[in-house]
Amino acid sequence: MKVIKSYSCQSDICSHQNINIMATLALTNQPTLSLWAKFITFADSQKENRLAWFLVSLILHATMLVPLTFILVYSLDGHVIPCLAVSMVIFFANIVANMSGANTRSTIFLFGLSLAVHSVILITTVLGI
């Protein structure tokens, strides 16, 4: 609450008044969505592109992610068995999820998870961890 003092003089009599002003706060912008809510909205909007997501996932795994993981792990003397086992499990999980008709939320999440896991495998192999 804000108090404004006003003085007014009329002829010989001066008066002193306190005027109370109350302000209200109105939110004009919408609350921000969480990252998970944005992902769900995006995945739901991609239902008509389900086949494209399957093809991109299959081609990217078969031609880039799995072969690159094999080559780097073998050539840089990385942890061969665990890294390649995880790589193949994720590869086949993507194929099974896409071919079994799982919803787009699941398939896009699995695809993103596989990209993240393959990135971690490649980074740990290159760094020699």
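# Reading the labels in this model

Residues 24 or more positions apart account for 56% of the protein's contacts with a separation of 6 or more. The model is predicted.

Me: What is the order of the elements in the protein, from the N terminus on?
Reply: The order is β-β-α-α-α-α. That fits the count of four helices and two strands.

Me: How many of the 129 residues count as buried?
Reply: The share is 23%. The accessible surface of the protein comes to about 9,500 Å². Carbon and sulfur atoms hold 69% of that surface.

Me: Why does Ser114 count as buried?
Reply: Its relative accessibility is 0%. Buried means under 20%. Ser114 therefore counts as buried. Ser114 sits in helix α4.

Me: Which residues does Ser114 touch, not counting those up to four places away in sequence?
Reply: Ser114 touches His61, Ile90 and Asn94. What makes each of these a contact is heavy atoms within 4.5 Å.

Me: How do you know that Thr104 is buried?
Reply: Its relative accessible area is 4%. The cut-off is under 20%. So Thr104 is buried. Thr104 also belongs to helix α4. Leaving aside neighbours within four places in sequence, Thr104 is in contact with Ala43, Gln46, Lys47 and Arg50.

Me: What makes the pair of Arg105 and Asp44 a salt bridge?
Reply: Their closest N and O atoms are 2.7 Å apart. The rule asks for a side-chain nitrogen of Lys or Arg within 4 Å of a carboxyl oxygen of Asp or Glu. The pair therefore qualifies. The structure holds one salt bridge.

Me: Which parts does the pair of Arg105 and Asp44 tie together?
Reply: Arg105 lies in helix α4 and Asp44 in helix α1, so the pair ties together parts that are 61 residues apart in sequence.

Me: Why are Arg105 and Asp44 called partly exposed?
Reply: Arg105 has a relative accessible area of 34%. Asp44 has 29%. Buried is under 20% and exposed is over 50%, with partly exposed in between. So Arg105 is partly exposed, and so is Asp44.

Me: How many aromatic pairs does the structure hold?
Reply: It holds six aromatic pairs. Among them are the rings of Trp36 and Phe39, with centres 5.3 Å apart and planes at 40°.

Me: Why is the pair of Trp36 and Phe39 called tilted?
Reply: Look at the planes, which stand at 40°. Under 30 degrees would be stacked, and over 60 would be edge-to-face. The value falls between those limits, so the pair is tilted. The centres, 5.3 Å apart, meet the limit of 6.5 Å for a pair.

Me: What separates Trp36 and Phe39 in helix α1?
Reply: About one helical turn, because they are three residues apart in helix α1, which covers residues 35-45.

Me: Are Trp36 and Phe39 buried or exposed?
Reply: Trp36 has a relative accessible area of 54%. Exposed means over 50%, so Trp36 is exposed. Phe39 has 19%. Buried means under 20%, so Phe39 is buried.

Me: What makes the rings of Phe91 and Phe92 a tilted pair?
Reply: Their planes stand at 55° and their centres are 5.1 Å apart. Edge-to-face needs over 60 degrees and stacked needs under 30. Neither fits, so the pair is tilted. Phe91 is buried at 13% relative accessible area. Phe92 is partly exposed at 44%.

Me: Which residues do ring pairs link into a cluster?
Reply: Trp36, Phe39 and Phe109. Phe109 is found in helix α4. Its relative accessibility is 43%, so Phe109 counts as partly exposed.

Me: Which residues form a nonpolar patch on the surface?
Reply: Trp36, Phe109 and Leu113 form it. Together they have about 340 Å² of accessible area. Patch residues need over 30% relative accessible area. Trp36 passes with 54%, and Phe109 passes with 43%.

Me: Why does Thr124 count as partly exposed?
Reply: Its relative accessibility is 25%. Buried ends at 20% and exposed starts over 50%, so Thr124 falls in between. Thr124 has its place in helix α4, residues 104-127.

Me: What does the side chain of Thr124 reach at 3.0 Å?
Reply: The backbone oxygen of Ile121. A polar contact needs a distance within 3.5 Å, so 3.0 Å meets that limit. The C-alpha atoms of Thr124 and Gly78 are separated by 8.3 Å. Along the chain these two are 46 residues apart.

Notes:
Residues are numbered from 1 along each chain as its sequence is written. This is a predicted model: local features need pLDDT of at least 70, side-chain atom pairs count only at pLDDT 80 or more; totals for chains, interfaces and linings use all residues. Side-chain values use heavy atoms; hydrogens and water are left out. Buried means under 20% relative accessible area, exposed over 50%, partly exposed in between (1.4 Å probe, protein chains only). A polar contact is a pair of N or O atoms within 3.5 Å; within protein, one must be able to donate a hydrogen and the other to accept it, and residues adjacent in sequence count only if both atoms are side-chain atoms. Patches are made of residues with over 30% relative accessible area and no salt bridge: like charges are joined within 9 Å, nonpolar side chains (Val, Leu, Ile, Met, Phe, Trp, Tyr) within 5 Å. Accessible areas come from the Shrake-Rupley method with a 1.4 Å probe; for residues, only the protein chains shown count as cover.
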